Amino acid sequence: MPAKYHIHTKPAPPRKKPIGKYGIIDWREDCSACHNCVKRECAYSVYNDERDRLQRTIEYTDYLYECKGCLCCVQSCTKGLLSWDVNPEYLKMGDDVWTPDIISSNWYQSETGSVPVSGAGYPGPFRGPGFDSILTDMSEIVRPTRDGIHGREYISTSVDIGRKPMKLELNADGSIATNCPPIVEIPIPILFNARPWQKLGDSISGFILDTAKELGTFALTDQPDLASHPAAIPHIGATEDDALASGKPLAEWADSADVIDRIRQAKLSNPGLISIIKLPFGPNAAERAVELAQTGADVLHLFADWHGYTVSPLLPGEGPGVRSEHISIAIREVHQALVKAGIRDEITMIASGGIALPEQVVKSLLCGADLVSIDVPLMIALECRLCMNCRKELKCPVDLSEVNSDYAVQRMVNLMGAWHSQMLEMMGAMGIREARRLRGEAGRAMFFDDLERDCFGPIFGERRQVV
Amino acid sequence: MASIVDPHRRLGPVSEMGLETPVREAKPAPDRFRNSLGKYQLYRSEDCAKCGTCVVTCSRGVNVRPEGYVDFVRGLDWRCTAEICKANGTYCVDKCPQKALRIEETPIYKSIGDYRWTADLILSAWHMAETGTVPDGELNYQTGASGGGFDRIELVFPDNGARTDPAEISTSIPLNRRGDNRPKVTIDIPVYGGGMSFGSVSPVTILSKARAATAWNTFSCTGEGGYIERLIPYKDHMITQVATGLFGVREETIQMAPIVEFKYAQGAKPGLGGHLLGDKNTSAVAAMREAVAGTSLFSPFPFHSVYSIEDHKKHVDWIKHVNPRALVSAKVSTPNDVDMVAVGSYYAGAHIVHLDGSYGGTGAAPDIAKKNIAMPIEYAIPKVARFLTDEGIRDHVTLIVSGGIRTAYDMAKAIALGADGVVIGTAEMVSLGCIRCGRCESGVGCARGIATTDPGMVSKMTVEWGTQRLINMHTAWREQLVDILSRFGMRDVKELRGRTDLLRHLDYE
């Protein structure tokens, strides 16, 4: 087997005080100075650490981030002076898709490179919208690797980007007659979008490219000056110069009427080029995807908005587009249209928009994508709070534009290391040893609507309200 | 034969511990923390004339003025049931002539708990464990707020008012339905305790569970961490678990067990192996597991000797040969083909098929596994029950379910969906004072002294107290189950099994 893919994580502490979930409310003025202070006995030494930090005054001095919520101090204080609450600032972070818990979990993974672990069962809602209406399957007694998921006989997360011939033709002497198109293999099914926020300095895009290089993957960039980076996939707008693709193994074009011709031209001077065509998910996506695939596209990159929803087109005089379809449904539609057209196996599908957690990478693949592209999680790795100050031209609370290379790359590497480990856990449980085999493998997913219909339908009848 | 290594021998055998035989009787077992948590907080202003009206008004003893004293001492606020008092005219705030009292919801009440275990469920579980009685309606002690499954399913009681006499109602279930020559084991309540290993939880927790199970003539389970010697007096109520790491599995621990449970998978981490982090692997734990202290201990997934139902049969035969009197249980998780797995387990010779749904579990597990892998138990129960019935073997196997059974109402709904009985884990932990902070795995483990092996932390709880809390919990659960059966006009919990016609799902027509 090829050498095992390994992501080198190491602790990368945050630069700024992270916003923690829990807080102890402390009414010091009533303290009876009984000297039996329960705070000293905090199992996690949160209060001692706070005191030490206050004395040194060199690091963040807030135990909000550290409190584990065991409530031992609250319940043991002699006078019952302590109380506990969820930090309102925490609850204000993000929105209904990029929830505080998702942001916080990605912060933890970026800091430690570790898989988030906790006890006492799953605390969340029964099901949710989008990806949270899908479960993944497990195999009860059979598992593919004989050596554990991290063992010598490993689970591969590699995927291929490029057009694949459906059959090989051989010459009389047994040599391959088919002119095989170029193909690139990357070790994780994740690309990066190198410039998600507009108002940041160019340095962050460079760090994202450096991270992609370290991980062996690529980053899509629309900055011409970064196109020469070895991990860069230049994005070429409808009116931009196709010369950006020269000498590159991969380049991305915005979809346009003449995109296939432009790509054909570019390939004349760069025969090893793999072309990606970027088009939006939406009502016409499946039809257009089939058309592009049939006319010779190598790779299709379908994107939703950053919340993972397709946005219906704006009509003149209307307000912002309304959310329509979640990306998990949109991916399946395009995938199935390509399958129906008999061309699915020939082309590669990249999906992007709203992918926030490693489980969503796996679920995107199960729905039919070959790989995904992410952006916002990379910003979260750099401590972004999704406050949108940058878009309002206000000060960034975590000074994103001032991060240095070592910190930024390590944080993003850590995040991907943790995501990779979690993908292995899910694939191992499913009994799937190859990320390539996840694609469209809906039989290894369980959809809540199906479960309701199959398990509850015979008992309760017709489901009234679909969440 | 090797003797059982007991790292806790220094604590002495049970007879020296001064422990009395556990008795099935509810007794007060108050919170072991100084400040109990509750829904309300009482504020008394300086206008208080110390007339004592509030003391007389309150039936819960919230306002406290010791005999012979003029001033009040800190109230027992957590007992307050303001809404009920308002409704029946015994609200101290209204009765106070000086208008000096104020009652507000505590910030704690608004912030503890989660979708599955709401603040109401945690506080009502504590109430049951403390008193052995059912909470009186101030708290929702029946459902959580997950928005699906048990939380959207209701029991539909007939409105004819006819009830059976609670004294005539049986809640016992048989565990051996195979009709073979093995013991006809029955348990007095349709619930037993889930496996939690020595290492994952403290010996105090393990013993409390075992003693409560003994008092209620039901079972507790060793989990995969070995059989501590202090459990031997309760061996008739202990299930020996055989899991993939085979930690602590010995010939004699199989021979002394009335039930041996194969853990193929668990709901907390379906498809993943067990994992005890190094910090919790103390020398005592390591000795029991024949491992090196301080190292992280993994149980692989799956059994590397089992790749088919035929291999599973080989396992079952092995146990049956080593212990000719043991019943065999197969604990599996809930994949798409759980129905096929259940039928296969039966044909391989299992007496009990134990399904562990994906949202439950007590063990530390990757968040990604808890949330995403395998299906919730609510779906698996009817799916499996239907398949067993179609196969014609429903009455020859005992279907036990777990993974998200939080309340007596969940238990009743699970049985009505088609299970024979349930296994609980988190509900026991909450009864012992768990606040569900989820930090069972970090450092030395649980700060509240339940899921830890650190000697300092373990001493936060005693076996007597833990036993009584769990006996109380079962008392309150049985009372609710009997009430449910009585309202259905039933005399036996076995009549409730599979009665899906008595259930209504709020999201369905």
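In which sense do strand E8 (residues 219-221) of chain A and E9(A) pair, and over how many bridges? The two strands pair in the parallel sense, over three bridges. Before following that strand further, please keep in mind that this is a predicted model.

## Chain A and its enclosed strand

Let us start with the overall picture of chain A. It has 12 helices and 17 strands, and 47% of its 467 residues count as buried. Among the contacts in chain A with a separation of 6 or more, 66% are between residues 24 or more positions apart.

Strand E9 of chain A covers residues 232-236, and five of its five residues are buried, so the strand is largely enclosed by the rest of the structure. In general, the side chains of a regular strand alternate between the two faces of the sheet. Both faces of E9(A) are covered here: A:Ala232, A:Pro234 and A:Ile236 lie on one side, A:Ile233 and A:His235 lie on the other, and all are buried.

E9(A) also has partners that you can find by residue. On the E8(A) pairing, A:Leu220 stands opposite A:Ile233. Strand E10 (residues 250-254) of chain A is joined to E9(A) by two bridges, and these strands run parallel. There, A:Ile236 has A:Trp253 of E10(A) as its bridge partner.

## Where the two chains meet

How many residues does each chain give to the contact? Chain B gives 73 residues and chain A gives 58. On the side of chain B that touches chain A, the elements giving two or more residues are helix H5 (107-111), strand E14 (365-366), helix H12 (367-372), helix H13 (377-390) and strand E17 (503-505). H12(B) provides the largest share of that side, with six residues. Sorted by class, the side of chain B that touches chain A has 39 nonpolar, 19 polar and 15 charged residues.

Strand pairing reaches across the chains as well. Strand E3 (residues 117-118) of chain A is joined to E14(B) by two bridges, and the two run antiparallel. In this pairing, B:Pro366 of E14(B) is the bridge partner of A:Val117.

Helices meet across the chains too. Helix H12 (residues 448-460) of chain A and H13(B) have axes that come within 9 Å and cross at roughly 60°. That angle makes H12(A) oblique to H13(B). Their crossing is left-handed. In H12(A), A:Leu451, A:Cys455 and A:Ile459 meet B:Tyr379, B:Pro382 and B:Lys383 in H13(B). By class, this contact has five nonpolar, no polar and one charged residues.

## A helix pair within chain B

Chain B has a helix pair of its own to look at. Helix H7 (residues 203-215) and helix H17 (residues 463-487) of chain B pack at an angle of about 45°, with their axes 8 Å apart. H7(B) and H17(B) are therefore oblique to each other, and H7(B) passes H17(B) in a right-handed crossing. On the H7(B) side the residues in contact include B:Val204, B:Leu207 and B:Arg211, and on the H17(B) side they include B:Val463, B:Leu470 and B:His474. This contact has seven nonpolar, five polar and two charged residues by class.

## Two loop residues in chain B

Which of these two loop residues is buried, and which is exposed? B:Thr222 has 28 C-beta neighbours inside 10 Å, so it counts as buried. B:Ser45 is exposed, with 11 other C-beta atoms within 10 Å. The table gives the loop of each residue and one C-alpha separation.

| Residue | Loop in chain B | C-alpha partner | Residues apart | C-alpha separation |
|---|---|---|---|---|
| B:Thr222 | between strand E7 (220-221) and strand E8 (238-242) | B:Val242 | 20 residues | 9.2 Å |
| B:Ser45 | between strand E1 (40-44) and helix H2 (53-57) | B:Ala100 | 55 residues | 5.1 Å |

Leaving aside neighbours within four places in sequence, B:Thr222 is in contact with B:Gly195, B:Tyr227, B:Met238, B:Ile239, B:Thr240 and B:Gln241.

Terms used
Residues numbered from 1 in each chain as written. Chains lettered and ligands numbered in written order. Predicted model: local features only at pLDDT ≥ 70, side-chain atom pairs only at ≥ 80, totals over all residues. Helix = DSSP H or I, 4+ residues; strand = E, 2+ residues; numbered from the N terminus. Buried ≥ 20, exposed ≤ 12 C-beta atoms within 10 Å, placed from the backbone. Contact = placed C-beta atoms within 7 Å. Nonpolar A, V, L, I, M, F, W, Y, C, P; charged D, E, K, R; others polar. Pairing = 2+ DSSP bridges. Axes fitted to C-alpha atoms, helices over the stretch in contact; angles between N-to-C directions. Parallel < 35°, antiparallel > 145°, perpendicular 65-115°, else oblique. Left-handed = near helix turned anticlockwise from the far one by under 90°.
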